[in-house]
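Student: Hey, I've got a new structure to look at and could use a hand. Can we go through it together?

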Amino acid sequence: FTTRKGQLYGYLLEYAAAHVLDFALTYAAFAGSLATFWWIVNRHAEQYDYAPKSNLHNLLKEASSVLNTVIQDYKFLPVFLLTGYVDREVSRYLAKLGSAWTVQGRLHDLSLILGTSYKPPEGEDLFDVLYRFYRYLNMSHVLLYCDVEVRLKVVTEAAFVDLGLLTEAEAAVLEPAGFEKRNVVLGWIADLFFTQVNRGAIDQHAISLFMNQLCQLRGAGGTLLVLDENFPPNTMTAMLHLVVDILLILLAFCTPFNLFVDLLNCVQVLAMMASFLLAMSYIGLLNVVRQVQTPWEGQGADCVNADSLLCWSEQTISSLLRLRLGVRQLRPEEWVYQARELGHEVSVAESLGVSAAAFAGSSQVSVENGEVELQ
């Protein structure tokens, strides 16, 4: 986020307004051609003062005056609709970000509760159960974005088995669940938690706090999915585009006459510049709305990077669950840094896979020939 005008205008031209430049230039050229026609009519009216030319000159002047009146009465409608439309879609965009961060916060809270309250009976391994919680928490997060992020929609359960986030038996149970996969994993988390409570590994006083956070996690994830599908009615969107197009058509015929400057000769630069800015303003806002409607697939600073959210949460979950292990944790940024130093790109799948293996006890990592290896 920046408030520097230079960077803001650069971003606007590169991403938000890049797709409307061709329309704005065409619109300005059309308005400029009308202004040139008006200049020709004026010259003919001055040089050949006879009835046909004089009548055309007067007709265009009267038509311009009538268009001005129509625009003054009409322009409130598209401006009002466009303002409400932009406000609603920007609010929905911010609500999506809020839900994504709420999901992260609840995952971190659950990890903190488990990392500090889980105490296995004497003689039992502390690691095994925590590793299952680690897998389930990360899986619930990944599955959420599998429903909204185009690149992750094609990831199968077999891929998660290869990454170490699922066992083959768990994948077989999860695959037929369809759109309820995330809720199934959340059920596994609750079941594992109560199993540990019944065994005495987790104090019963943690039940209320843990379940409250788990329910909030489920609700925040559901809210994110609903917001991603909660588009405005098609009739509303179509009507908005219609009234904006009507306004631009009226302005295209009126602006050349209103901003006509006789001293500029046949090339009316002022009318062309004004028309260009008007088109950029109205069509640019509609294009901005289209971009914020799909933040997972956008470009530039307004794109929400699901990879970053997943890897950030994985690091925090891993750190919080290992609070009682007392051994050095391989930080994901260490292997990511090493891979990038050697010129290799690391995907989110490699990130989760290597981090899962690191959680399982690997202490070193190396990158050779583009392959990430754990030792």
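Tutor: Sure, let's begin with Glu89, which counts as buried because its relative accessibility is 1%. Here buried means under 20% relative accessible area, exposed means over 50%, and partly exposed is in between, with a 1.4 Å probe and protein chains only. Before we go on: this is a predicted model, where local features need pLDDT of at least 70, side-chain atom pairs count only at pLDDT 80 or more, and totals for chains, interfaces and linings use all residues. Residues are numbered from 1 along each chain as its sequence is written, and side-chain values use heavy atoms, with hydrogens and water left out.

Student: OK, what does Glu89 meet in a salt bridge?

Tutor: Its side chain meets that of Arg88, at 2.6 Å from N to O. A salt bridge here is a side-chain nitrogen of Lys or Arg within 4 Å of a carboxyl oxygen of Asp or Glu.

Student: And Arg88, is that buried or partly exposed?

Tutor: Arg88 counts as partly exposed, because its relative accessible area is 32%.

Student: How many salt bridges turn up in the whole structure?

Tutor: The search finds 6. One of them joins Arg106 to Asp109, with the closest N and O atoms 2.8 Å apart.

Student: Where do Arg106 and Asp109 lie?

Tutor: Both are in helix α4, residues 76-117, and they sit 3 residues apart, about one turn of the helix. Helices are DSSP runs of H or I with at least four residues, strands are runs of E with at least two, and the numbering goes from the N terminus. Arg106 is buried at 18% relative accessible area, while Asp109 is partly exposed at 25%.

Student: Which residue does Glu170 pair with?

Tutor: Glu170 forms a salt bridge with Arg135, and the closest N and O atoms are 2.7 Å apart. This pair links distant parts of the chain: Glu170 is in helix α7 (residues 168-174) and Arg135 is in helix α5, 35 residues apart. Both Glu170 and Arg135 are buried.

Student: Which residues do shared partners join into one network?

Tutor: That's Arg88, Glu89 and Arg92, joined by salt bridges that share partners.

Student: Changing topic: how do you look for empty space?

Tutor: You roll a probe the size of a water molecule over the atoms, and that shows where empty space is left. On a 1 Å grid over the protein atoms alone, a cavity is a set of points where a 1.4 Å probe fits but cannot get out. A pocket is an open set with protein on both sides within 12 Å along at least five of seven lines, and lining residues have an atom within 4 Å of a point.

Student: How much space lies in the second largest pocket?

Tutor: About 320 Å³. Volume means the space filled by probe spheres set on the points, with grid points joined across faces, edges and corners. There are 17 lining residues, and the closest to the pocket's centre are Leu143, Cys146, Asp147, Gly178 and Phe179.

Student: Which elements give two or more residues to that lining?

Tutor: Those are α5 (126-146), α6 (157-163), α8 (181-199) and α9 (206-229). The largest share, 3 residues, comes from α9.

Student: What's the lining like by class?

Tutor: It has 8 nonpolar, 2 polar and 7 charged residues. In this scheme Ala, Val, Leu, Ile, Met, Phe, Trp, Tyr, Cys and Pro are nonpolar, Asp, Glu, Lys and Arg are charged, and the others, Gly among them, are polar.

Student: And how many cavities of 30 Å³ or more are there?

Tutor: The structure holds 2, and the second largest has a volume of about 30 Å³. Its lining residues are Val103, Ser140, His141, Leu144, Arg182, Leu186, Leu217 and Gly221. The elements giving two or more of the lining residues are α5, α8 and α9, and the largest share, 3 residues, is from α5.

Student: How do those lining residues divide up?

Tutor: Into 4 nonpolar, 3 polar and 1 charged.

Student: Last one: where's Glu180?

Tutor: Glu180 is in the loop between α7 and α8. Glu180 counts as partly exposed, because its relative accessibility is 43%. Its C-alpha atom is 9.5 Å from that of Leu143, and the two residues are 37 apart along the chain.
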